[in-house]
Amino acid sequence: MALHRDIFWVGRQWAVTGAGIQAVDQRLRGVFDIEIARLWDDDLVQSRRAKPGVNAADFDKALVVARERFPQASGPDPLIAQLEARGVVETPVVSPVVPAVQLRAEGRLARFMPQWRVRR
């Protein structure tokens, strides 16, 4: 998987991007990447750090930068928390309530349109 287009920090082995923490070496095809929603999952982070060949100091720096960039979402939607962290959304998003469509046909006569045909 190619690096995300938004790159915030690049180390020797790891990069913090708009997708989370990604391995710089693209031959790994995104096997070691950590998504933004899973940055705070300590079991996943420890399993990635324990892999052979991982530069622990570079990984720790990437984790610190990523956790500062994408704070832990206290609400149910991590996307809104990410937008608030970037300063795009200033107020909480309130989903508009769409009124239900009510169809009424009682007591009304149907109007039929005349048929038309295309002549060749």
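Start by selecting Ala62: this residue is buried, with a relative accessible area of 0%. (Buried means under 20% relative accessible area, exposed over 50% and partly exposed in between, using a 1.4 Å probe and protein chains only.) Before you go on, know that this is a predicted model, where local features need pLDDT of at least 70, side-chain atom pairs count only at pLDDT 80 or more, and totals for chains, interfaces and linings use all residues. Residues are numbered from 1 along each chain as its sequence is written, and side-chain values use heavy atoms, with hydrogens and water left out.

**Around Ala62**

Ala62 sits in helix 2. (Helices, H or I with at least four residues, and strands, E with at least two, are DSSP runs numbered from the N terminus.) Which residues does Ala62 contact, leaving aside neighbours within four places in sequence? Light up Trp9, Trp14, Val16 and Ile21; contact here means heavy atoms within 4.5 Å. Now add Gln22, which is 40 residues from Ala62 in sequence but 9.1 Å away in space, C-alpha to C-alpha.

**The nonpolar core**

Next, select Trp14, Val16, Ile21, Ile34, Leu39, Phe59 and Ala62: of the 18 residues in the largest nonpolar core, these touch the most other members. (Such a core is a set of buried Ala, Val, Leu, Ile, Met, Phe, Trp, Tyr and Cys residues joined through side-chain atoms within 4.5 Å.) Strand 2 (14-17), strand 3 (20-23), helix 1 (42-49) and helix 2 (56-69) each give two or more residues to this core. Helix 2 gives the most, with five. In soluble globular proteins, nonpolar side chains tend to be buried together.

Click on Leu39 from that group. Not counting residues up to four places away in sequence, Leu39 touches Ile21, Ile34, Val45, Leu63, Ala66, Arg67 and Phe70.

**Helix 1**

Which residues of helix 1 are buried? Pick out Leu44, Val45 and Arg48. They lie on the same side of helix 1, because they cover an arc of only 100 degrees around the axis, taking the directions from the helix axis to the C-beta atoms. Show strand 4 (34-35) and helix 2 as well, since both are among what covers these buried residues.

**A buried Asp**

Move to Asp33, in the loop between strand 3 and strand 4. Asp33 is buried yet has no salt bridge, and the nearest side chain of opposite charge, Arg48, is 7.2 Å away. (Lys and Arg count as positive, Asp and Glu as negative; His and the chain ends are not counted. A salt bridge is a side-chain nitrogen of Lys or Arg within 4 Å of a carboxyl oxygen of Asp or Glu.) What lies around the Asp33 side chain instead? The backbone nitrogen of Ala23 is 3.0 Å from one of its polar atoms.

**Salt bridges**

How many salt bridges are there by this rule? The count is three.

- Select Asp41 and Arg38, whose side chains meet at 3.2 Å, N to O. Asp41 is partly exposed at 27% relative accessible area, and Arg38 is partly exposed at 38%.
- Go to Arg67 and Asp42, another salt bridge at 3.2 Å, N to O. This pair links distant parts of the chain, with Arg67 in helix 2 and Asp42 in helix 1, 25 residues apart. Asp42 is partly exposed, at 47% relative accessibility.
- Finish with Asp60 and Arg49, whose salt bridge is 2.6 Å, N to O. Asp60 lies in helix 2 and Arg49 in helix 1, so the pair ties together parts that are 11 residues apart in sequence.

Conventions. Polar contact = N/O pair within 3.5 Å; in protein donor to acceptor, adjacent residues only side chain to side chain.
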